[in-house]
Amino acid sequence: MDAPSTPRGFLRKYLEHLSGAGIAIGVLTSGGDAQGMNAAVRAVVRMGIYVGAKVYFIYEGYQGMVDGGSNIVEASWESVSSILQIGGTIIGSARCQAFRTREGRLKAAHNLIQLGITNLCVIGGDGSLTGANIFREEWSGLLEELAQSGKIDSDAVKKYAYLNIVGMVGSIDNDFCGTDMTIGTDSALHRIIEVVDAIMTTAQSHQRTFVLEVMGRHCGYLALVSALACGADWVFLPESPPEERWEENMCVKLSENRARKKRLNIIIVAEGAIDSQNKPITSEKIKDLVVKQLGYDTRVTILGHVQRGGTPSAFDRILASRMGVEAVIALLEATPEIPACVVSLSGNHAVRLPLMECVQMTQDVQKAMDERKFKKAVQLRGRNFESNLNTYKRLCIKLPDSQIVKSNCNVAIINVGAPAAGMNAAVRSAVRTGISDGHRMLAVYDGFDGFSKGQIKEISWTDVGGWTGQGGSILGTKRILPGKYLEEIAEQMRAHSINALLIIGGFEAYLGLLELSAAREKHEEFCVPMIMVPATVSNNVPGSDFSIGADTALNTITDTCDRLKQSASGTKRRVFIIETMGGYCGYLANMGGLAAGADAAYIFEEPFDIRDLQSNVEHLTQKMKTSIQRGLVLRNENCSENYTTDFICQLYSEEGKGVFDCRKNVLGHMQQGGAPSPFDRNFGTKMSAKAMQWITVKLKDSQRTGRKFVTDDSVCVLGISKRNLVFQSVADLKKDTDFVHRIPKEQWWLKLRPVMKILAKYKASYDVSDSGQLEHVHLHPQEESAGI
């Protein structure tokens, strides 16, 4: 039942309508570990207990299921406390040969029946999930065999007749078809980018070439996305081998970059990289080639298991928590007729897909690679992989000027509003895409203020080299709106013959676009294509579910919360009140609360009063009686005029006297700073490339038809809506905007608010109407999906 397409009179479905009473759920992690697995385990345990089910840890994966005994233990609410921020898996993972045999699966079935477990939540890769499906198909036969040997009685055969399986994909390689991101991939990208950023400074000092080998035996996702995120000179992938004579082409490219005054080269290699004849391309081979052909000082760095380790990113914690909750709901709704499913992510939407369809397509990729059908392999990986690959090729390799068809158009780029990490990656992408399309690119410095003063310069391909990893805004950005300077800006547009405008910024950018659009009647200079790419930590721009910079801010909040929780655990009986940014938009507070495991998050969108504050204090008082003697509360800066951070801290201190003490922490502008996260680098890169493609199409149409741009569809916001990238005119978005509080009237993330509350042990009404429909895996969706 997909809510948006439901007819009138449709009854919405809530979690309260589902009960887990009498149900036993087993949760296991299998295969290679991945950061975020613990967040998934925590969500399954707490959601299971919340709906009245019994939940069991199955230690050491399938091995623990086969061995039974102390490997299968009932979980409690407290047993998953403080695991959200820990990498790997606390319940262990092991390869299990015994489970591959029927005899091993017979033992496993017997161990589960003894505890009444007929629901399994399996977190692992395609091998682990295939094993689970075989187990499910054999289940009734295994029970018959156990009954015949006298190990269980006939009543047990009837009572436990069906085994329900739900899978979650935990794999840092992102090698599973059907899901945009697997649990652990984003964290692995964080590890890679941290290393690349560190290596770049030393490489620059010594004018070195670095060859970095990253994980990905059969899948090049990590190599491709990290190459996109750091602007690597060359990348080697299993799915897309280099063309013949690649050795020569690569050396030419490296020497050209050095000739453009670039002091370093970065080459990224997936461990499974191959040439077009399926022969391995190793990092040592590449190093030897560069040294021999070019004589450059070249070093190899193999990242290895560093990529699997460390604390999970905010994205992985939220993803795993959502998937864990969705997995429990799927188990409650499972029937023998419904095939085993995988809960996965499509855009920002949780979906259920038939497990074996996903496994089959994943195996088809490897088959295509083995048969050297590399184009098909890339297509099977999905639209996002293909889009990433095409974007990388466009931004990495500049064609000679003689091969670029000039458009005779000037396109200006401007940053507006507060700085957001990822803005520079977006500018770099726009400049290089524009140059590839034959445009002359102009950079506007210091927002609309600089625009009115003529701070406009041509910006070249090499000018934006190395911008992806830099935080803030290199062009400079201000909150000033264009309204007061329309005459001057129109004059500058005319003087520089600007044919199109790309604005990268937050709510001020949106308001500025509205003002420029309204001024078209008076100033024909504004009758050009104008498009905005949302970039703000607040994530409050209408027309998009995500903004560039919000993910980096979320990681800053999550890291700080982890440290404060550690401090509170050390001192015992301490509650921290943390104030986040966001204006009136509660995105950072709510999602930060979900990622950090907060006890409460106060936001403007959900009004609260003194009774709610009192209830939270009582909740924390009860919590202090358990083994978890610490608290964490997030507060959005503008959530209430009178219930300020100071007030809430003083109230908690007074009401919690003798039980706990209270401290406050205002995060402030830390949330706007720092190096952009891999997500924001890639999001900025892809969104800007898309925006420039839109501008190019509009300009070509105009040159062909001679029409001026006066209609609403030539002033747009490019955003993500549910699962797709969408262009929406600012005129249409006005009705969806709360201009007083500078937020969209409807915000998708509010649906996740009950998840945060449930996982913090509060009763909450959770709308699960969007869950329940099993979708099918499609080779290519109609539109490009919003995954990164």
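The legends below describe close-up views of a predicted model.

**View 1. Domain 2 and domain 3 meet at a contact that includes a salt bridge.** The domain assignment divides the chain into domain 1 (16-182 + 312-365), domain 2 (185-307), domain 3 (406-536 + 681-738) and domain 4 (550-672). This view is centred on the second and third of these, domain 2 and domain 3, whose C-alpha centres lie 33 Å apart. To their contact domain 2 contributes 8 residues and domain 3 contributes 6 residues. Together the two domains bury about 650 Å² between them, and 52% of that area is on carbon and sulfur atoms. On the side of domain 2, the residues L228, A229 and R260 supply 62% of the area buried against domain 3, which is more than any other three residues supply. The count of salt bridges between domain 2 and domain 3 is 1.

**View 2. The side chains of D197 and R681 meet in a salt bridge.** The N to O distance in this pair is 2.7 Å. For the setting of the pair, a search of the whole structure finds 36 salt bridges, and the next three views show further examples.

**View 3. E138 and R102 form a salt bridge between two helices.** The closest N and O atoms of E138 and R102 are 3.7 Å apart, which counts as a salt bridge because the cut-off is 4 Å. The pair links distant parts of the chain, since E138 belongs to helix 4 (residues 126-148) and R102 to helix 3 (residues 102-114), with their positions 36 residues apart in sequence. The two partners are set in different degrees of exposure: E138 is buried, with a relative accessible area of 18%, whereas R102 is partly exposed, with a relative accessible area of 36%.

**View 4. R352 and E333 form a salt bridge between a strand and a helix.** Here the closest N and O atoms are 3.0 Å apart. R352 lies in strand 11 (residues 349-354) and E333 in helix 10 (residues 314-333), so the salt bridge ties together parts that are 19 residues apart in sequence. Both R352 and E333 are buried.

**View 5. R494 and E491 form a salt bridge within one helix.** The side chains of R494 and E491 come together with an N to O distance of 2.4 Å. Both residues lie in helix 16 (residues 486-495), where they are 3 residues apart, or about one turn of the helix. R494 counts as partly exposed at 44% relative accessibility, and E491 also counts as partly exposed, at 37% relative accessibility. Elsewhere in the model, salt bridges that share partners join K13, E326, E333 and R352 into one network.

**View 6. Aromatic rings gather in a cluster, and charged side chains sit over the rings of two tyrosines.** A search of the whole structure finds 18 aromatic pairs. One aromatic cluster is formed by F315, F546, F679, F683 and W748. In a separate detail, the charged end of R258 sits over the ring of Y296, at 4.3 Å from the centre of that ring. The charged end of K457 likewise sits over the ring of Y445, at 5.7 Å from the ring centre.

**View 7. E60 and Q207 have positive phi values, although neither is a glycine.** Most residues other than glycine have a negative phi. Phi of E60 is near 60 degrees, and this residue is placed in the loop between strand 2 (54-58) and helix 2 (61-67). E60 is partly exposed, with a relative accessible area of 34%. Q207 has a phi of about 50 degrees and is found in the loop between helix 6 (185-206) and strand 6 (209-214). At 37% relative accessibility, Q207 counts as partly exposed.

**View 8. H110 is a buried residue of helix 3.** The relative accessibility of H110 is 18%, and it counts as buried because the limit for that class is under 20%. Leaving aside residues up to four places away in sequence, H110 touches L146, K151 and I152. The C-alpha atoms of H110 and C341 are separated by 23 Å, and these two residues are 231 residues apart along the chain.

Key
Residues numbered from 1 in each chain as written. Predicted model: local features only at pLDDT ≥ 70, side-chain atom pairs only at ≥ 80, totals over all residues. Heavy atoms only, no water. Helix = DSSP H or I, 4+ residues; strand = E, 2+ residues; numbered from the N terminus. Buried < 20%, exposed > 50% of the residue type's maximum accessible area, 1.4 Å probe, protein only. Phe/Tyr/Trp six-rings, centres within 6.5 Å; stacked < 30°, edge-to-face > 60°. Lys NZ or Arg CZ within 6 Å of the ring centre and 35° of its normal. Domains from an automatic or database assignment. Contact = heavy atoms within 4.5 Å. Buried area = accessible area lost by both parts, 1.4 Å probe.
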